[in-house]
Structure formats: C-alpha cells, structure tokens
Amino acid sequence: MDYKLFEDYITLQALLKDLRIISSGGAVKSFLAETRVLFNGQDEKRRGKKLRIGDTMSLPEQDLTIKLVGPSPQELAQHQEEKAEKERVAALVKKMNQKTSKNQKSSRSKAKQSANKGAKKAQRSDRQPVRFPGT
C-alpha cells in the first residue's frame, strides 16, 4: 500500500491514526507494545518516530506493508490550495468569534449596569415608606 506524504514527515502515531489502524493517540502505546511494527525492516516501538518519503513500515501480523511516497505536482498543488482555504476559513471563524465575544462582553456589562441601577432603586425604596393607594 502506498501512502502519499504531503509534508516533510509524519510520526508513526499519526500514520497509524490516519490509516485507522488505531482509534486514538492514546491507544498507540499499547498497540506498539502488543504488535510487531517494522520500520525499514527493523523493529520500531517509538510512537514519535518520524517517517519520511521512501520509508517503509510493515505490520507482519496483519500482512500490511506501507510505503511512503511523494505526491505528484498536481496533487501537491491541490493540497496546498485546500490547506490555504482551510486557513482562510479558520481566520474568518476566529474573527467572527472575537466579534461575538466582544458583543457578549458589552451585553454583560450593560446587564451589570442595569442590575446596579435596580439595586440602587431597591436601596432608595428601603429608605422610603411603602405607600398604598387609598390610605
């Protein structure tokens, strides 16, 4: 099986998660302790091991061999466009969240001010006797 690597490297843990061999990052430690993993033909137990283009990882018990290959120029260009779009959307969301946060803070301060006014009115009413109509 070939795995196209778009970055400089990928860690063993990230590769296993990306290929859905493990379900979470926490599961990698026990997976590596129980399963034989070969990195370029040698036993590997480090979850942070950096894998690069040209490296081979195999799981003999599962009869799976993964070779890291580089993407074609078209695939690389498409990946960079998608990455730029994700960054653009993330920046927009961050900006919107900041505006929402400012609006919430200003509405909270207005609510506090109105609550303070209500408290002041309550204090004034404590000083004055209660008057009922018709008495």
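**Legends to the close-up views**

**View 1. Overall fold of the predicted model.** The secondary structure of this predicted chain comprises three helices and seven strands. Read from the N terminus, the order of the elements is β-β-α-α-β-β-β-β-β-α. Of the 135 residues in the chain, 19% are buried. Among contacts with a separation of 6 or more, 50% join residues that are 24 or more positions apart. The chain has an accessible surface of about 10,600 Å², and carbon and sulfur atoms contribute 50% of that area.

**View 2. Positive patch with Lys95, Lys99, Lys102 and Lys105.** These four lysines, Lys95, Lys99, Lys102 and Lys105, form a positive patch on the surface. Lys95 belongs to helix H3, which spans residues 73–127.

**View 3. Arg20 in the loop between helix H1 and helix H2.** The loop that holds Arg20 links helix H1 (12–18) with helix H2 (28–34). Arg20 is not a glycine, yet its phi is positive, near 60°. Because its relative accessibility is 75%, Arg20 counts as exposed.

**View 4. Asp63 in the loop between strand E6 and strand E7.** Asp63 is located in the loop between strand E6 (56–59) and strand E7 (64–69). The phi of Asp63 is positive, at about 55°, although the residue is not a glycine. Asp63 has a relative accessible area of 73% and is therefore exposed, the cut-off for this class being over 50%.

Terms used: Residues are numbered from 1 along each chain as its sequence is written. This is a predicted model: local features need pLDDT of at least 70, side-chain atom pairs count only at pLDDT 80 or more; totals for chains, interfaces and linings use all residues. Side-chain values use heavy atoms; hydrogens and water are left out. Helices (H or I, at least four residues) and strands (E, at least two) are DSSP runs, numbered from the N terminus. Buried means under 20% relative accessible area, exposed over 50%, partly exposed in between (1.4 Å probe, protein chains only). Contact means heavy atoms within 4.5 Å. Accessible areas come from the Shrake-Rupley method with a 1.4 Å probe; for residues, only the protein chains shown count as cover. Patches are made of residues with over 30% relative accessible area and no salt bridge: like charges are joined within 9 Å, nonpolar side chains (Val, Leu, Ile, Met, Phe, Trp, Tyr) within 5 Å. A salt bridge is a side-chain nitrogen of Lys or Arg within 4 Å of a carboxyl oxygen of Asp or Glu. Lys and Arg count as positive and Asp and Glu as negative; His and the chain ends are not counted. The place of a charge is taken as NZ of Lys, CZ of Arg, CG of Asp or CD of Glu.
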